[in-house]
Every structure is written in structure tokens, then in C-alpha cells.
Amino acid sequence: FGYALDTPVSRYVLTLVIVTLLALVAKNLVRTRTGRDWMAIRDMDVAAEVIGIPMLKTKLLAFAISSFYLGVAGALWAYCYLGTVEPQAFELARSFQLLFIIIIGGMGTIVGAFFGAAFIVFFPIFLNLFTSTVFAGQLDPGMLSHLEQFVFGSLIIFFLIVEPLGLARLWQLGKQKLRLWPFPH
């Protein structure tokens, strides 16, 4: 094609195209028999086995497909964001960040992964802007980091106790309320 993939814009477009395609495949995969089997096993594995869902085969397939998705995500992150693969980039804090994305966004939902990722990326920026305007330089960066960790921890506890389906469920409830808004009956 004569188009180099070494500019930041082209890397962004490549990532956006691959993420969009994989999200569409995942959304359609959930609607298939395999996806329904996954949901049945997630909800109650004993009952799923009783109705004839092959437990080992279904769990192995879920593990293989999720490993493929994570492999693609890791390769895209290494190529498009880091530019190289180095062990220091895959630290324990990154694993916790991914866990926070899943918990805050909504476990078991595709759109929740996007909401959680957006929240994890944009929340520290908004927190920094908020504290810099309200406190006007009175907080040092270490205090801001601890405040960020405190708020993330509080949100994780909140979502685990109050709303286990995370931001995706809140989004769904908001859409339902807006659909009925002018006439609530």
C-alpha cells in the first residue's frame, strides 16, 4: 500500500480497527450456542452440566478464546504503545489495573470493558485537574497518588457490594430510564 505503520496516527487507526473487529466478533460470539453455554456455566455450573453442556470442552474453549484476545491485546500494546517488548512493562501494577477495569466497568459485559478502560484512563486526569483547581498546588504528587489509590479502592468496594455489574449496568439502567422519561407509565 505504500503507507507506513510507524506514525502515531497510523498505530492508533490500526489499534482502533483491530479492537472494533474483535469487539464485534465477541458480541456476536456471545449470541451463539457457545456464548449461551458460557453464560450458563458462569451462572450455575452444576445446572449447566445437568442440562448437557460439556463442562471441560466449554471451559477450555473459553480459556483459549480469552487467551487469544489477551495475546492480541498484549501485542497491540507492545507494538503501538511501548514500541518494544520489555519485562518491566508487564508488572504487577498493570495486572491490578486490568482487574480494576473489569470490576469497575462490569464483569461479564463487553461494553463494560470499554467503560472501565475509559474510567481508568480519564479518572486520574480529571482528579489531577480537580485537585489543581480546588487546592491550587497545595497537594504534592505523592499525596495525589495516594488520593487516587484511595478513590479507586473505594470505587472497587462500592461496585463489588452495591453494583457488581459495574458501569455497564448503570449505563443500561440510564438508557431504560431515558426511554421512559417523559411518560413513566
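This passage walks through the helices of the structure, how they pack together and where a few chosen residues sit.

The model is predicted, so local features need pLDDT of at least 70 and side-chain atom pairs count only at pLDDT 80 or more, while totals for chains, interfaces and linings use all residues. Residues are numbered from 1 along each chain as its sequence is written, and side-chain values use heavy atoms, with hydrogens and water left out.

A good place to begin is helix 1, residues 8-30 (helices are DSSP runs of H or I with at least four residues, numbered from the N terminus). Its 23 residues should span 33 Å at 1.5 Å a residue, and the end C-alpha atoms are 33 Å apart, which agrees. The expected span here is 1.5 Å times one less than the number of residues. The buried residues of helix 1 are S10, L22, A23 and A26; buried means under 20% relative accessible area, exposed over 50% and partly exposed in between, with a 1.4 Å probe and protein chains only. These buried residues pack against helix 4 (55-82) and helix 6 (110-134), where contact means heavy atoms within 4.5 Å.

Helix 4 also meets helix 2 (residues 33-43), at an angle of about 105° and with the axes 10 Å apart. Axes are lines fitted to C-alpha atoms, for helices over the stretch in contact, and angles run from 0 to 180 degrees between N-to-C directions. Helix 2 is therefore roughly perpendicular to helix 4; angles of 65 to 115 degrees count as roughly perpendicular, under 35 as roughly parallel, over 145 as roughly antiparallel and the rest as oblique. On the helix 2 side the contact involves T34, D37, W38 and I41, and on the helix 4 side M55, T58, K59, L61, A62 and I65. These residues divide into six nonpolar, two polar and two charged. In this count Ala, Val, Leu, Ile, Met, Phe, Trp, Tyr, Cys and Pro are nonpolar, Asp, Glu, Lys and Arg are charged, and the others, Gly among them, are polar.

T58 of helix 4 deserves its own look. At 6% relative accessibility, T58 counts as buried. Leaving aside neighbours within four places in sequence, T58 is in contact with D37, W38, I41 and I53.

A second helix pair is formed by helix 5 (residues 92-105) and helix 8 (residues 166-179), which pack at an angle of about 25° with their axes 3 Å apart. The two are therefore roughly parallel to each other. I103, I104 and G105 of helix 5 make the contact with G166, L167 and A168 of helix 8, and the residues involved comprise four nonpolar, two polar and no charged.

Next comes the largest nonpolar core, which has ten residues: I101, I103, I104, I120, F123, L127, L144, F152, I156 and F159. Such a core is a set of buried Ala, Val, Leu, Ile, Met, Phe, Trp, Tyr and Cys residues joined through side-chain atoms within 4.5 Å. Helix 5, helix 6 and helix 7 (141-161) each give two or more residues to this core, and helix 7 gives the most, with four. For L144, the contacts beyond four places in sequence are L127, N128 and T131.

Two further residues complete the tour. I157 lies in helix 7 and, at 52% relative accessibility, counts as exposed. I157 and I103 are 54 residues apart in sequence and 9.4 Å apart in space, C-alpha to C-alpha. T84 sits in the loop between helix 4 and helix 5 and counts as partly exposed at 41% relative accessibility.
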